[in-house]
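Dear colleague,

I am passing on the structure we spoke about, together with some notes on how its strands and helices are arranged. Please look through it alongside the text below.

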Amino acid sequence: MRLRATLGALALRLDGNETPEELSAALAEAPEMPLEVEVAGPTPGSVVQALLEAAAARNLEVRFRPPRGERRVPHTEVVDHTLRSGQRIASAGTVVVLGDVNPGAEVVAGGDVIVVGKLRGLAHAGAEGNEQATIWALELAAKQLRIAGHVAVAPEDAPPPAGPERARVEEGQIVIEPWGRRRGA
């Protein structure tokens, strides 16, 4: 536990090694300022309850905030089969499909969508608003692509894909470009 005064509040960091008694004693001697609480380690409910009771007894405002310096790194989900019509895969991270995504199937990812096969179903990369996300496929033949809040619909007379392609957002629009070939070759 670390308790220190900052401008306008007391910063309290709970590391998970505190006891309810230690926390109550520390708060009893603390100045009367709002508490900004950072839970940086696994903390038992009894410690949180002691914190709230001690703050209520002294009429202190309590604000919880996420741990500093920590970023949530979503995982990569690998789907090792073809997705058939009606199947849906959703993940906060990147989704890699080792097979095809058939019409009527959906892949929704907070990160990238990578299809090692034919993408003919719906793909939504950056579903949580990440405009840097991309959609990659060995054969990109989807009727609709989504990246963050952008939507692209394939024209009715679209030529068949000529190899691997990547879809990404550029200047507010989804663009599709060849992937794996040198430009100008």
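In this predicted model, helix α2, which spans residues 45–57, lies across the strands β2, β3 (35–39) and β4, and it runs at about 145° to β4.

The strands beneath this description belong to an open sheet of 4 strands, in the order β1-β2-β3-β4 and with mixed pairing. Its edge strands are β1 (2–6) and β4 (62–65), each of which pairs on one side only, and the twist from one strand to the next averages 25°. As a reminder, strands of a sheet pair through backbone hydrogen bonds, either parallel or antiparallel.

Going through the pairs in turn, β1 and β2 (residues 9–14) are paired in the antiparallel sense over 5 bridges, and within this part of the sheet Arg 2 stands opposite Arg 13 of β2. Strands β2 and β3, by contrast, run parallel and are joined by 5 bridges, with Leu 14 having Val 39 in β3 as its bridge partner. Between β3 and β4, which also run parallel, there are 4 bridges, and here Glu 36 has Arg 63 in β4 as its bridge partner.

As for the connections, helix α1 (residues 20–28) forms a right-handed β-α-β unit together with β2 and β3. From β3 the chain then crosses through α2 to β4, and this β-α-β crossover is right-handed.

With best wishes

Notes. Residues numbered from 1 in each chain as written. Predicted model: local features only at pLDDT ≥ 70, side-chain atom pairs only at ≥ 80, totals over all residues. Heavy atoms only, no water. Pairing = 2+ DSSP bridges. Helix = DSSP H or I, 4+ residues; strand = E, 2+ residues; numbered from the N terminus. Axes fitted to C-alpha atoms, helices over the stretch in contact; angles between N-to-C directions. Contact = heavy atoms within 4.5 Å. Right-handed = clockwise from strand over helix to strand, strands pointing away.
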